[in-house]
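This note is offered to a colleague who is meeting the structure for the first time. It proceeds by numbered points, from each chain as a whole to single strands and residues.

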Amino acid sequence: MNPAKPPSKRPGWLWPVPVALAGWELATRAAGDLSFPPPTTIFSRMREMWLSGPADRLWLTDAALTDIPASVGRLLAGWALAGLVGTTLGIALGRSPLLSRFLGPLVHFARAVPPPLLLPFFMALFAIGARMQINVILFGVVWPILINSAEGARHVDPLHLETAAAFGLSRGQRLLRVVLPSALPKVFAGLRLSLSLALILMVISELVGSVDGIGFQLLDAQRSYDLPGVWGTIVLLGLLGCAFNAAFLAAERRILSWHRAANQTT
Amino acid sequence: MLEISNLTHTYGSGPGSHHALGGVDLSVAEGELVCIVGPSGCGKSTLLRSVAGLLRPGGGEVLFNGAPVAGTPKDLAVVFQDYSRSLFPWMSVADNVSLPLRRKGLDRPRREEAALEALTQVGLEEAGAKYPWQLSGGMQQRVAIARALAYRPALLLMDEPFGSVDAQTREDLEDLTLRVRGHHAMTILLITHDIDESVYVGDRVVVLSGAPATVVGDLRVDLPEPREQIATREHPGFVRLRAEVGRLVRGPRPAAQHPTPETV
Ligand SMILES: Nc1ncnc2c1ncn2[C@@H]1O[C@H](COP(=O)(O)OP(=O)(O)OP(=O)(O)O)[C@@H](O)[C@H]1O
Ligand SMILES: [Mg+2]
């Protein structure tokens with residue numbers, strides 16, 4: 001029932017991290033280039049930026065309590081909206097050949113537009129701020145979700161649909177209890193792609209149009225030649241990306257447990 | 001109850017087409033249990049799918065309670081031949097069984113009760129919380145049967161419903177079918193490839209020819225009621241009917257000197 005886990009899932013999989021860190025430390029110290037500060041410098045700068053606050057606030061600084069939640073909030077808002085819109089439209093597209101024929105080419109065109117190019121447009125449309133950023137994220141990341149959902153909804157097992165028809169399930173029940181669950185593995189594949197894309201768009205949108213957030217902090221550090229600060233922000237973004245991905249995978253494992261198990265046994 | 005007249009169907013067109021039904025005539029009275037037998041691939045499932053409104057036949061007519069079948073008729077349940085694929089893997093066994101009951105307007109406790117009752121009838125009262133893929137093939141088949149029974153349809157269509165269960169369970173399910181039919185006044189159309197089974201459970205046995213399928217025999221089963229696995233199967237009438245159906249299924253192939261029995 002429980003086959004050997006792949007190497008990356010074993011508890012020992014973290015060992016390359018300290019090795020890489022040690023190598024990084026030695027190399028940067030040997031090079032002595034100011035643009036490449038050693039990791040110890042980066043980490044102490046990170047502590048200074050985000051973890052040097054008063055003890056009663058868990059040592060979180062003002063920056064940690066304002067910039068990070070602001071960024072993460074916008075990212076999650078844009079991503080969640082994209083999930084809602086993308087799944088709904090995707091399933092409609094997947095179930096309706098007519099809609100698919102008319103809107104399909106449009107969707108593929110929209111998807112092909114590199115999302116950062118949306119920025120000038122949305123900056124013109126909305127004032128700089130959360131609304132503009134959430135929209136950039138929404139329009140940038142909705143496509144993988146939409147296309148994957150449509151794909152999933154298109155390939156529902158015909159016998160499942162016949163069963164639903166034979167037992168007279170209503171339209172709504174058919175969508176909610178047969179089509180949506182069938183498409184869910186694909187929907188999740190799209191959501192996962194979009195999550196990493198959303199992180200990128202969050203930073204980019206903050207670099208050009210924001211007064212707070214992690215991207216703004218990065219810009220600020222760069223402008224003041226605070227290279228450890230720049231590096232620290234990049235490391236923070238990497239950690240955030242890993243955390244989101246891990247949380248997402250955990251949720252997916254729970255929600256799609258039937259899918260993994262059913263595919264293992266058949 | 002059910003009137004099928006001159007039903008024809010051809011899959012595909014051109015050289016790759018397959019003429020599956022070649023004019024099937026059949027009428028089923030209310031409360032009857034009609035077994036359909038015929039060689040493999042002759043078009044039994046095609047016939048059933050036309051009755052269920054899942055397939056628009058090429059020609060002919062299916063009348064259900066006097067009205068032509070367009071879309072799936074209400075008050076009908078199907079046990080599909082491919083039972084494992086007809087269960088939803090994302091729902092528990094109990095949810096699979098109770099899902100169609102929403103249409104009957106039952107509230108949640110009544111649905112759960114009906115699902116448990118049907119699962120108990122097929123001997124799976126312990127399996128409600130499991131998922132279909134956690135069960136063996138024979139158990140999945142019984143879940144599909146339970147789902148149809150819980151629905152209490154006026155017309156029950158079963159496509160080789162006892163194909164992958166062991167002999168003992170098979171006999172139990174045959175008897176269950178007979179009991180349920182008695183209690184709930186269901187009309188049942190049961191497809192099987194087992195000639196003994198068709199004679200044992202049926203009020204009538206309808207024999208289809210090889211493709212394109214037509215009705216080559218329609219035998220009334222006059223055996224003492226209630227049927228009983230041992231006594232019925234050793235009844236002289238059973239033995240005679242079984243031979244008769246067997247000859248019809250094999251078709252007018254080998255013994256050319258014997259006239260093939262067309263009617264009874
Ligand atoms: N969707 C389809 N497209 C093309 N041909 C089909 C299709 N479905 C069935 N057929 C063909 O029609 C014929 C009858 O199929 P059907 O499933 O009705 O047979 P059956 O009597 O139920 O067979 P079995 O006893 O094996 O279940 C078969 O030869 C099959 O190859
Ligand atoms: Mg069949």
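1. Contacts within chain B. The structure is a predicted model, and the figures below should be read accordingly. In chain B, among the contacts with a separation of 6 or more, 68% are between residues that lie 24 or more positions apart.

2. Make-up and dimensions of chain B. Chain B contains nine helices and 10 strands. Its radius of gyration is 19 Å, close to the 18 Å that the globule rule gives for 264 residues, so chain B is as compact as a globular protein of that length. Along the principal axes, its C-alpha atoms occupy a box of roughly 60 × 50 × 35 Å.

3. Surface and charge of chain B. Half of this chain is covered: 50% of its 264 residues count as buried. The accessible surface of chain B amounts to about 11,700 Å², and carbon and sulfur atoms contribute 50% of that area. There are 27 positive and 32 negative side chains in chain B, with the centres of the two sets 5 Å apart.

4. The open sheet of chain B. How are the strands of the open sheet ordered? The order is E2-E1-E4-E5, four strands in antiparallel pairing. Strand E2 (18–28) and strand E5 (67–68) form the edges, each of them pairing on one side only.

5. The pairing of E1 with E4 in chain B. Strand E1 (residues 2–11) runs antiparallel to strand E4 (residues 59–64), and five bridges join the two. Two of the partnerships can be located by residue. B:Leu2 has B:Phe64 of E4(B) as its bridge partner, while B:Ser5 is matched with B:Glu61 of E4(B).

6. The hairpin of E4 and E5 in chain B. E4(B) and E5(B) run antiparallel and are joined by two bridges. B:Phe64, already named as the partner of B:Leu2, stands opposite B:Ala67 in E5(B). Two residues separate the strands of this hairpin, and B:Asn65 in the turn has a positive phi of about 50°.

7. Strand E6 of chain B. Is each side of strand E6 (residues 76–79) buried or exposed? Both faces are covered: B:Leu76 and B:Val78 are buried on one side, as are B:Ala77 and B:Val79 on the other. E6(B) pairs in the parallel sense with strand E7 (residues 155–159) of chain B, over four bridges. Within that pairing, B:Val78 has B:Leu157 of E7(B) as its bridge partner.

8. An exposed position in chain B. B:Ala167 belongs to helix H6 (residues 167–184) of chain B. Why is B:Ala167 classed as exposed? Its relative accessible area is 58%, and a residue counts as exposed because its value is over 50%. From B:Ala167 to B:Thr214 the C-alpha distance is 30 Å, with their positions 47 residues apart in sequence.

9. Make-up and dimensions of chain A. Chain A has 11 helices and zero strands. Read from the N terminus, its elements accordingly run α-α-α-α-α-α-α-α-α-α-α. The C-alpha atoms fill a box of roughly 70 × 55 × 40 Å along the principal axes. Residues 24 or more positions apart supply 69% of the contacts in chain A that have a separation of 6 or more.

10. Surface and charge of chain A. Of its 266 residues, 44% count as buried. The accessible surface of chain A is about 14,800 Å², with 70% belonging to carbon and sulfur atoms. The chain carries 22 positive and 14 negative charges, whose mean positions lie 13 Å apart.

11. A buried position in chain A. A:Ile137 is part of helix H6 (residues 130–154) of chain A. Why is A:Ile137 classed as buried? Its relative accessible area is 0%, and a residue counts as buried because its value is under 20%.

12. The surroundings of A:Ile137. Leaving aside residues up to four places away in sequence, A:Ile137 touches A:Arg74, A:Leu75, A:Gly78 and A:Trp79, together with A:Ala198, A:Leu201 and A:Met202. A:Ile200 is 63 residues from A:Ile137 in sequence, and the C-alpha atoms of the two are 8.9 Å apart in space.

Terms used: Residues are numbered from 1 along each chain as its sequence is written. Chains are lettered from A and ligands numbered from 1 in the order in which they are written. This is a predicted model: local features need pLDDT of at least 70, side-chain atom pairs count only at pLDDT 80 or more; totals for chains, interfaces and linings use all residues. Side-chain values use heavy atoms; hydrogens and water are left out. Buried means under 20% relative accessible area, exposed over 50%, partly exposed in between (1.4 Å probe, protein chains only). Contact means heavy atoms within 4.5 Å. The radius of gyration is taken over C-alpha atoms; the globule rule is 2.2 Å times the number of residues to the power 0.38. Accessible areas come from the Shrake-Rupley method with a 1.4 Å probe; for residues, only the protein chains shown count as cover. Lys and Arg count as positive and Asp and Glu as negative; His and the chain ends are not counted. The place of a charge is taken as NZ of Lys, CZ of Arg, CG of Asp or CD of Glu. Two strands pair if DSSP finds at least two bridges between them.
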